[in-house]
Structures are given as structure tokens and as C-alpha cells.
Amino acid sequence: MAEEGTARPQRLRLVTDLTRNPSGLAGSKPSDLDMAALVERAAAGERGAFDELVRLTHRDAFGLAIRLTGNEEDARDVVQDAYLRAYRSIGRFRGDARFSTWLYRIVANTASTHLTRRGRHRHEELVDDAAVVDHHPDRDPVVAAESADQ
């Protein structure tokens, strides 16, 4: 912490300013520098910084998830799983790309996994009064057993 009368380092002031107004100017998108500072704080374990990253990126992440899944319910599940994955691995974020690019890749991968699972577990509902048609009555074991007995 800087002593009274001495100037604070630029980086510390940026982080402090982000706490007061994380997106810089009111109503504007955060700069890459703002996002980088939030990512750094989140990687250091500051939960509030990650919460702010979620707030700043949620709209776009949710929009991507809706486009990939086709419905809001699945999109909500995908976004929740994606943020959980991002939270768990924020310490491994290298910064080679913007945070939003990294997050959207996680959303896309999560959506792909979700759709694969959904396809595996989705079944059409059976109707109780539907007529059952046997396309191969000659393969019916009961008919074959009765024919053998005669």
C-alpha cells in the first residue's frame, strides 16, 4: 500500500477504479485492459472480479448458447456449465486471446457436449393407444414355435 503523499502505481489505481466502475465509462464496453485486470484479479482468487467478468460477458455468452442449442432452457444450462468451467480454470488462462474469446470457446465446447448428451438421452414419447405394426411377422418366435408343433 502506498504511503500518504506518494503516488499509487498505475496498475493499482486501475484495479481500484475498476472496483468503483468496472466498465470504465458508464454504459460503455470495458476495454481489453479493464478485462485483463479483472481476469488477473479473478485468477488471484478474487470472487468479486469473476462475478464482474460474468456480468460483463453474460449477455453475449447467452446469445451464443441460444444460437448453438436452439432454445433458452438448454442455453441456460450451457452458460451455467461454461462459467463453472471458466471459474475452475481461470488460473490457466494464458492471455494469448481476449478473455471473451476464451470464454466463448468454452461456451461452444460446452454446447457441443450438451447437445451430444441431449441427443443420447432424448426419446420420443410413446402413445399408449398407438397401433403396433409388425413389419416381419415371419420372425415372430411365437409363430415359429406354433408352426414347429404342427
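**Cavity lining, nonpolar core and helix H3 contacts**

By class, three charged, three polar and one nonpolar residue make up the lining of the largest cavity. The model in which this cavity occurs is a predicted one. The volume of the largest cavity is about 30 Å³, and the structure holds one cavity of 30 Å³ or more. The lining consists of Val78, Asp81, Arg85, Thr110, Thr113, His114 and Arg117. At least two lining residues come from each of helix H4 (72–89) and helix H5 (99–121). The largest share, four residues, is supplied by H5.

The overall fold is described next. The protein contains six helices and zero strands, which gives the pattern α-α-α-α-α-α when read along the sequence. Of the 150 residues in the protein, 27% are buried. The accessible surface amounts to about 11,300 Å², and carbon and sulfur atoms account for 51% of this area. When contacts between residues at least 6 apart in sequence are considered, 50% of them join residues at least 24 apart.

The largest nonpolar core has 25 residues, of which Phe50, Leu53, Phe99, Leu103 and Val107 touch the most other members. Helix H2 (32–43), helix H3 (47–69), H4 and H5 each contribute at least two residues to this core. The greatest contribution, eight residues, is that of H3. With residues up to four places away in sequence excluded, Phe99 touches Met35, Val39, Leu53, Thr57, Ile90 and Phe93.

Three residues of helix H3 were examined individually: Thr57, Phe62 and Thr69. Thr57 has a relative accessible area of 2% and is therefore buried, the limit for this class being under 20%. Outside a window of four places in sequence, the contacts of Thr57 are with Met35, Tyr83, Phe99, Leu103 and Tyr104. Two of the core residues with the most contacts to other members, Phe99 and Leu103, are thus among the partners of Thr57.

Phe62 is also classed as buried, because its relative accessibility is 19% and the class requires a value under 20%. Beyond four places in sequence, Phe62 is in contact with Glu72, Ala75, Arg76 and Val79. For one of these partners, Ala75, the C-alpha to C-alpha distance from Phe62 is 6.4 Å, at a sequence separation of 13 residues.

Thr69 has a relative accessibility of 8% and so counts as buried. Its contacts, with neighbours within four places in sequence left aside, are Asp74, Ala75, Val78, Ala111, Leu115 and Arg118. Val78 also belongs to the lining of the largest cavity. Leu115 is 46 residues from Thr69 along the chain, and the C-alpha atoms of the two residues are separated by 6.9 Å. Ala75 is a contact of Thr69 and likewise a contact of Phe62.

How values were computed: Residues are numbered from 1 along each chain as its sequence is written. This is a predicted model: local features need pLDDT of at least 70, side-chain atom pairs count only at pLDDT 80 or more; totals for chains, interfaces and linings use all residues. Side-chain values use heavy atoms; hydrogens and water are left out. Buried means under 20% relative accessible area, exposed over 50%, partly exposed in between (1.4 Å probe, protein chains only). Contact means heavy atoms within 4.5 Å. Accessible areas come from the Shrake-Rupley method with a 1.4 Å probe; for residues, only the protein chains shown count as cover. On a 1 Å grid over the protein atoms alone, a cavity is a set of points where a 1.4 Å probe fits but cannot get out, and a pocket is an open set with protein on both sides within 12 Å along at least five of seven lines; lining residues have an atom within 4 Å of a point. Grid points are joined across faces, edges and corners, and a volume is the space filled by probe spheres set on the points. Ala, Val, Leu, Ile, Met, Phe, Trp, Tyr, Cys and Pro count as nonpolar, Asp, Glu, Lys and Arg as charged, and the others, Gly among them, as polar. A nonpolar core is a set of buried Ala, Val, Leu, Ile, Met, Phe, Trp, Tyr and Cys residues joined through side-chain atoms within 4.5 Å.
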